[in-house]
Each structure stands twice: as C-alpha cells, then as structure tokens.
Amino acid sequence: MADKTLDTLFHDTLKDIYYAERKILKSLPKMKRAAQSEDLKAAFDKHIGQTEGQIERLQQVFEIIGKPARGKTCDAIEGILAEGDEIAEEYKGTAALDAGLLAAAQAVEHYEITRYGTLKRWALVLGMDDAAKLLDETLQEESQTDTDLTAIADAAINAEAMQAAA
C-alpha cells in the first residue's frame, strides 16, 4: 500500500476523466439528434467541439506527468450516460424530452466539474502548475456550459415541458 500516494491518485483520476471525456464525446451526437430544441441542439454541438479540446488538454497533462494517455473505465459516467439514453428513449416525442436531456447533460457537467476541480487542486499541491492551468481551463469551460444549459432551461425548455403537461 505504500505506493498509493496523491501522485498515484492524481494519475488514476486523470485516467478516469480521460475515459469519461471520450465516452461523452461519443454520446453528444446522439443527444443532439434526440433533442427537439434548436438551442439545445446548438449547445450539444458546441460542447462536441469543447470536448475535443478538453481531450487534447488531458493528453497534454498526461505528457506533463510522463504517462501515456490511457483511460480507466469510469462507472460513474457510464451510469450517467445510460440514464440519458433512458430518458431519450422513454420521453421521445414528448414536450418533456428536452428538459430530461438537459438534466442529463447537466449531470454530466456536474460530474466533470467535480473531477476537474479536484484534479486542479491536486495538481497545485503536487507542484504541477502547468497541469493545473490546463485543468482549470477545462473546469472553467465545464462551469460555463452548466450555466449555459441552465439559461436554456430557464428561457423556454422547462416552461414548454410544463405547458404540455397542463
């Protein structure tokens, strides 16, 4: 157990989020196709491009620590994405679909925010300032995406889902 250090934990968590980002990148086009709102489709489209950049930044962090960019199965993101698929299937064609997809997307964002926040703090503690800057850049993007999704929900999607139920 002596070899289990913060350095090891940082690397394991980095592999976790790397796997998660790659899975998210595969799921976003599916979520975009399922969405009915043009604003939500555009948000998913924007996040596809951001996710590609986030994967590139993670690869840079792997280079900084001298390790190959490899993922480690992330059960949490598997579950969150499976819930999103379930919502897309169960609510297809309903006014509540976009509200559900948006909620699923925000669950993904919140997971990413926790991971990137933690990794950034650990990078700083470990003296990896360059890695911390890269991780913080992604953390800021993820936080902004969450804010943008909330704005889309508040602007119309949640109200539209409610009106259809009335």
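## Charged contacts in a helical chain

This predicted model holds 9 salt bridges. Here is a friendly tour of some of them, followed by a charged patch on the surface.

**Helix α1 to helix α3**
- Glutamate 78 and lysine 23 pair through their side chains in a salt bridge, at 3.6 Å from N to O.
- This contact ties together distant parts of the chain, with glutamate 78 in helix α3 and lysine 23 in helix α1 (residues 6–34), 55 residues apart.
- Glutamate 78 is partly exposed at 28% relative accessible area, and lysine 23 is partly exposed at 28%.

**Helix α2 to helix α5**
- The side chains of arginine 57 and glutamate 137 form a salt bridge at 3.2 Å, N to O.
- Arginine 57 sits in helix α2 (residues 38–65) and glutamate 137 in helix α5 (residues 129–165), 80 residues apart.
- Arginine 57 has a relative accessible area of 10%, so it counts as buried, whereas glutamate 137, at 40%, is partly exposed.

**Helix α4 to helix α5**
- Aspartate 136 meets lysine 120 in a salt bridge of 3.1 Å, N to O.
- The two lie 16 residues apart, aspartate 136 in helix α5 and lysine 120 in helix α4 (residues 97–125).
- Aspartate 136 is partly exposed at 22% relative accessibility, and lysine 120 is partly exposed at 21%.

**A shared network**
- Arg57, Glu137 and Glu141 are joined into one network by salt bridges with shared partners.

**A negative patch**
- Glu83, Glu86, Glu89 and Glu90 make up a negative patch on the surface.
- Glutamate 89 belongs to helix α3 (residues 75–90) and is exposed, because its relative accessible area is 60%, over the 50% cut-off.

Methods:
Residues numbered from 1 in each chain as written. Predicted model: local features only at pLDDT ≥ 70, side-chain atom pairs only at ≥ 80, totals over all residues. Heavy atoms only, no water. Patch = residues over 30% accessible without salt bridge, like charges linked within 9 Å, V, L, I, M, F, W, Y side chains within 5 Å. Areas by Shrake-Rupley, 256 points an atom, 1.4 Å probe, with all protein chains shown as cover. Salt bridge = Lys/Arg side-chain N within 4 Å of Asp/Glu carboxyl O. Lys, Arg positive; Asp, Glu negative; His and termini not counted. Charge placed at Lys NZ, Arg CZ, Asp CG, Glu CD. Helix = DSSP H or I, 4+ residues; strand = E, 2+ residues; numbered from the N terminus. Buried < 20%, exposed > 50% of the residue type's maximum accessible area, 1.4 Å probe, protein only.
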